[in-house]
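Visitor: I would like a close look at one aromatic side chain and its surroundings. Please start there and work outwards.

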Amino acid sequence: MRILVADAFPKDRLADLAALGLEVDHRPDLPVKEVAAAARDATVLVVRGKQVGADVLESAPALSLVVRAGAGTNTIDVAAASRRGIYVANCPGQNSIAVAELAIGLLIALDRRIPDNVAQLRAGKWDKKRFSEAAGLFGRTLGIAGIGAIGREVAVRARALGMRVLAWSRSLDDRRAQALGVERSPDLPALARQADALSLHLPLTPETRGIVSRSVLEAMRPGALLVNTARAEVVDADALLELAASGRIRVGTDVFPGEPEKGTADFDSPLGKLPGVYGTHHIGASTAQAQDAIAAETVRIVASFVRSGRVPNCVNVARKTPARARLVVRHLDRVGVLASVLGAVREAGINVEEVQNTVFEEAQAASCSIDLDEPPGADLLARIRDLGDVLFVDAVELR
């Protein structure tokens, strides 16, 4: 079984993958346009930031698992993977502390204008008067949009700075907000209106694309700070550029529209050139601690897949299938029993949605649950009962 690791990966963790009996092909500098050809005979593909489009998935008939060595899966065509029965998994939460540290770093840098201090010193200039005008963060209000693993870590650090923390997400209710030690805002515009600084920690989905709209940005207080360590696409790029250029808001961002896919490249960003914007190079998860944790989680996912066929953190297995009935068959654990049962189901014109077979101790008998897209009739049940080595059969409707 061959695994293609198409991005940088710690050497120790590559050894862990090899110890699973896999043929490990590590190509950290593989160009995106060559991924499809390189993955042609791979069973598992591991990527960090590289795009995995439908062309890659369609050109690799053996490919069964794609692991995003990170949290977001927006760089992978998950729908195309689902159509081909390819598992897609990610490593959520492993980089939370690293990203939270950068978010807080950008927040402090904006308040104290640290990059401008450094730039002036390097230019041989001293300006204590101008750089002494920071407002300070203690007692000010931080709004957190998205209270997943990263947002929660940001909240912990903001409270340690003495900030009041407001939060919003679609799933956040008053009870959970109280447990997390934050105040709940009813919606994103309200969060923006109340915050002295707004930190974004939303995943990129069809629902969140552009969710930080012009109206949300304009709801922010004059002089407010916006920190984005999530994805550039969750923000209205034109509105952000306009409001940042006017000086109405100041921005600290780790993500940019159209940012390079390569680690080193020329990049001309109108947003990044503005004096009120401090930008980093999409390095939120890029600490040694975070990368090793993500790599270890990747190994865990691959090991589970190799040893049991189960995929932890899978993002594209249906939570609910179209199954309307469950066929329960207790049977002797012998060759051909399930093949005969499934053959009878097929001849009845009923589609099988899911099968789970559990073998009991001593491997003499087993119980199989077969989810069907329509209830089996009495004739089918009778036919299965008459099959050799079937101990019991029944069906229940699913709701």
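Visitor: What is the relative accessible area of phenylalanine 267?

Guide: In this predicted model, phenylalanine 267 has a relative accessible area of 37%. Buried would need under 20%, and exposed over 50%. So phenylalanine 267 counts as partly exposed.

Its ring belongs to an aromatic pair, so take the pairs together. The count comes to two aromatic pairs. One joins tyrosine 87 and phenylalanine 305, with ring centres 6.4 Å apart and planes at 70°. Edge-to-face requires an angle over 60 degrees, so this pair qualifies. Tyrosine 87 sits in strand E5 and phenylalanine 305 in helix H13, 218 residues apart, so the pair links distant parts of the chain. Tyrosine 87 is partly exposed, at 30%. Phenylalanine 305 is buried, at 13%.

Your residue is in the other pair. Phenylalanine 256 and phenylalanine 267 are also edge-to-face, with 5.9 Å from centre to centre and 75° between the planes. Both lie in the loop between strand E11 (249-253) and strand E12 (277-279), eleven residues apart. Phenylalanine 256 is buried, with a relative accessible area of 9%. Phenylalanine 267, at 37%, is partly exposed.

Now follow tyrosine 87 into its sheet. Five strands form an open sheet with parallel pairing, in the order E2-E1-E3-E4-E5. Strand E2 (23-26) and strand E5 (87-90) are the edges, each pairing on one side only. Neighbouring strands turn by 15° against each other on average, direction ignored. Strand E1 (residues 2-5) pairs with E2 in the parallel sense over four bridges. In E2, histidine 26 is the bridge partner of valine 5.

Two helices pack on this sheet. Helix H1 (residues 11-18) touches E1 and E2, and its direction makes about 150° with that of E2. Helix H13 (residues 288-308) touches E1, strand E3 (44-47), strand E4 (65-68) and E5. The direction of H13 makes about 165° with that of E4. Recall that H13 carries phenylalanine 305 and E5 carries tyrosine 87.

Next, helix H5. Residues 96-112 make up H5, 17 residues in total. H5 reaches 24 Å from its first C-alpha to its last, close to the 24 Å expected at 1.5 Å a residue. Twelve of the 17 residues are buried, so H5 is largely enclosed by the rest of the structure. Among them are Val99, Leu102, Ile104, Leu106 and Leu110. Ser96 and Asp111 are buried too. After H5 comes arginine 113, whose phi is positive, near 50°.

Last, another sheet. Four strands form an open sheet in the order E14-E15-E13-E16, with antiparallel pairing. Its edges are strand E14 (352-359) and strand E16 (390-397), each paired on one side only. Here, too, neighbouring strands turn by 15° on average, direction ignored. Seven bridges join strand E13 (residues 325-332) to E16, and the two run antiparallel. Alanine 325 stands opposite glutamate 397 in E16.

Helices lie across these strands. Helix H14 (residues 337-347) lies across E13, E14, strand E15 (365-372) and E16, running at about 150° to E13. Helix H15 (residues 378-385) lies across E13 and E16, at about 160° to E16.

Terms used: Residues are numbered from 1 along each chain as its sequence is written. This is a predicted model: local features need pLDDT of at least 70, side-chain atom pairs count only at pLDDT 80 or more; totals for chains, interfaces and linings use all residues. Side-chain values use heavy atoms; hydrogens and water are left out. Two strands pair if DSSP finds at least two bridges between them. Axes are lines fitted to C-alpha atoms, for helices over the stretch in contact, and angles run from 0 to 180 degrees between N-to-C directions. Contact means heavy atoms within 4.5 Å. The expected span of a helix is 1.5 Å times one less than its number of residues. Buried means under 20% relative accessible area, exposed over 50%, partly exposed in between (1.4 Å probe, protein chains only). Rings of Phe, Tyr and Trp (its six-membered ring) pair if their centres lie within 6.5 Å; planes under 30 degrees apart count as stacked, over 60 as edge-to-face and the rest as tilted.
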